Amino acid sequence: MNPRILGATIARVLRQLKHDHRTVALVVVVPIVLLLFVHALFSDSPAAFDRIGLAMLGIFPFIIMFLITSIAMLRERTTGTLERLLTTPMNKADLLFGYGVAFGVAAAVQATIATMAAYWIFGMNTGAHAVWVILVAVVNAVLGVSLGLLASAFARTEFQAVQFMPLIVTPQLLTCGLFAPRDQMAGWLQHISDFFPLTYSVEALRDVGINPSPTSTYWTDLAIVLAVVIVALVAAAATLRRRTA
Amino acid sequence: MGDLTNPASAISVDELVVTRGRKAVLHGLSCCVEAGAVTGLLGPSGCGKTTLMRAIVGVQIVQSGTVHVLGRPAGDPGLRARVGYVTQAPSVYADLTVRQNVWYFARVAGADSSTVDRVIERVGLVDEADQLVHDLSGGQHSRASLACALVGAPDVLVLDEPTVGLDPVIRAELWDFFHELAAGGATLLVSSHVMDEATRCDRLLLMREGDIIADDTPDAIRAATGTADLEQAFLRLIRAEASE
């Protein structure tokens with residue numbers, strides 16, 4: 001990796017995002033609107049909102065960054081900028097980490113705003129400090145970025161790229177413990193969800209939801225999610241070929 | 001052909017075979033590109049110009065044969081800072097301004113940021129420097145793409161149809177600029193399917209159906225075919241080959 005090229009790539013991706021006012025607005029506003037819905041849905045049960053609203057703070061950045069990244073990377077492939085970059089001194093890691101860091105920064109802004117809204121507007125309560133919630137949200141965003149980079153290799157059009165969301169995101173969403181506690185799920189479903197990274201980030205959020213400070217479960221969960229990020233990035237790097245037919 | 005020992009050739013291609021799908025696009029093509037000159041790669045659309053250029057910049061999977069650029073195998077990591085490639089479809093970020101695009105490719109190439117404005121001026125986009133590429137015309141868009149390759153001051157520039165759809169005045173300016181770069185020691189390989197651009201080149205590679213049918217200076221090609229018109233010369237070469 002080359003710090004100059006990595007830094008330039010981070011700046012370039014953030015500038016592209018900055019020019020897209022509508023996406024910036026959606027990234028910031030949508031989580032707050034959805035929190036409003038969840039809050040209204042569980043208006044009789046603040047404990048349920050504390051549990052579900054908290055899990056959603058980790059899930060938003062994952063879904064949104066997965067979508068944004070898979071489309072952005074697909075554009076690099078289809079407009080020829082990727083091929084051009086691969087003829088320059090740029091290393092594949094410069095590009096992948098450039099996206100990871102840039103969208104990670106965007107996710108940190110999003111997570112901070114959404115988390116502040118959850119605490120101050122909707123009165124969410126957690127055992128531990130909000131900063132631990134934001135940390136999970138950022139790690140989840142980076143997870144979304146890495147899986148999005150990988151998924152873009154298997155799509156030829158933006159139309160196809162969007163179809164990867166139900167495939168990759170929905171199963172994780174259904175089995176992560178948000179809709180039904182994992183210990184009440186069918187055994188085979190539990191086993192499947194053991195392989196899904198979102199399971200661990202939701203568990204980490206629950207950990208700081210009920211404990212006054214992060215326990216070892218929290219750190220183990222974060223380490224597992226980061227390990228998945230590394231595997232996805234290595235796999236994504238393998239899909240970036242300098243020579244094509 | 002493909003003489004690696006010839007110090008005058010910056011690019012040498014020897015017995016290059018490329019197949020795309022089931023079709024052989026290049027079947028044992030050999031040629032050289034002279035250093036410090038502007039070489040035109042001319043031929044009809046679909047004759048394999050882009051495939052040959054992709055092989056030279058090292059992004060094309062080749063079946064057999066060799067391609068050397070500046071004495072190294074094409075695609076060698078040591079060449080990446082020395083070879084600039086402009087694809088036919090402009091490959092720049094439409095959601096960035098011209099200046100932001102050029103700045104980015106300058107940083108990637110390790111060029112000084114002060115060269116950014118100079119290159120933008122050379123491609124005639126000073127007034128558009130702070131506009132999003134998305135809002136530019138087709139010709140401006142391709143000049144922005146050209147600027148991104150020039151900013152790294154590469155020793156070898158491979159330009160795939162850089163002047164398509166350009167205003168004649170700008171086209172003439174760009175060709176003058178290409179010759180200035182060559183005078184400064186750069187090697188340029190410029191493709192075109194328009195024969196009137198052939199007269200602007202120091203040397204020509206005429207290509208048809210995956211083969212080089214002529215490799216010489218425009219004057220020598222005119223003399224050999226007995227016509228002053230390069231379009232006519234090209235036709236005569238094709239007919240001569242067909243009757244063989």
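Helices here are DSSP runs of H or I with at least four residues, strands are runs of E with at least two, and both are numbered from the N terminus. With that in hand, α3(A) is a good place to start, since α3(A) gives the most to the lining of the largest pocket, with seven residues. Before going further, some housekeeping: this is a predicted model, in which local features need pLDDT of at least 70 and side-chain atom pairs count only at pLDDT 80 or more, while totals for chains, interfaces and linings use all residues. Residues are numbered from 1 along each chain as its sequence is written, chains are lettered from A and ligands numbered from 1 in the order in which they are written, and side-chain values use heavy atoms, with hydrogens and water left out.

Now to the empty space. Rolling a probe the size of a water molecule over the atoms shows where empty space is left. The search runs on a 1 Å grid over the protein atoms alone: a pocket is an open set of points with protein on both sides within 12 Å along at least five of seven lines, a cavity is a set of points where a 1.4 Å probe fits but cannot get out, and lining residues have an atom within 4 Å of a point. Grid points are joined across faces, edges and corners, and a volume is the space filled by probe spheres set on the points.

The largest pocket holds about 750 Å³ of space. It has 27 lining residues, and those closest to its centre are D20(A), I71(A), A72(A), R75(A) and D95(B). Two or more lining residues come from each of α1 (3–19), α2 (21–41), α3 (46–78) and α5 of chain A. Sorting that lining by class gives 15 nonpolar, seven polar and five charged residues; here Ala, Val, Leu, Ile, Met, Phe, Trp, Tyr, Cys and Pro count as nonpolar, Asp, Glu, Lys and Arg as charged, and the others, Gly among them, as polar.

Next comes the second largest pocket, at about 600 Å³. Of its 24 lining residues, R77(A), T78(A), L82(A), E83(A) and T244(A) are the closest to the centre. In chain A, α3 and α4 (81–85) are the elements that give two or more residues to this lining, and α3(A) has the largest share with four. The class split is nine nonpolar, nine polar and six charged.

What about closed-off space? The whole structure has two cavities of 30 Å³ or more. The largest cavity encloses about 170 Å³, and the closest of its 18 lining residues to the centre are T88(A), V83(B), G84(B), A109(B) and A149(B). On the chain B side, β6 (83–86), α2 (98–109) and α4 (138–150) are the elements giving two or more residues to that lining. Its lining breaks down into 11 nonpolar, four polar and three charged residues. The second largest cavity, about 100 Å³ in volume, has L86(A), T87(A), R242(A) and V83(B) among its lining residues. There the classes come out as six nonpolar, three polar and three charged.

On the outside, follow α5 of chain A (residues 92–121) to V109(A). At 46% relative accessibility, V109(A) is partly exposed, a label that sits between buried (under 20% relative accessible area) and exposed (over 50%), with a 1.4 Å probe and protein chains only. V109(A) joins M1(A), F97(A), V101(A) and V105(A) in a nonpolar surface patch with about 420 Å² of accessible area together. Patches take residues with over 30% relative accessible area and no salt bridge, joining like charges within 9 Å and nonpolar side chains (Val, Leu, Ile, Met, Phe, Trp, Tyr) within 5 Å. The areas come from the Shrake-Rupley method with a 1.4 Å probe, and for residues only the protein chains shown count as cover.

Last, the charges. There are 16 salt bridges over all chains, each being a side-chain nitrogen of Lys or Arg within 4 Å of a carboxyl oxygen of Asp or Glu. In one of them, E34(B) meets R203(B) at 3.8 Å, N to O. E34(B) is in strand β2 (residues 23–34) and R203(B) in strand β9 (residues 203–208) of chain B, so this pair ties together parts 169 residues apart in sequence. R203(B) also bridges to D215(B), with the closest N and O atoms 3.2 Å apart. Shared partners join E34(B), R203(B) and D215(B) into one network.
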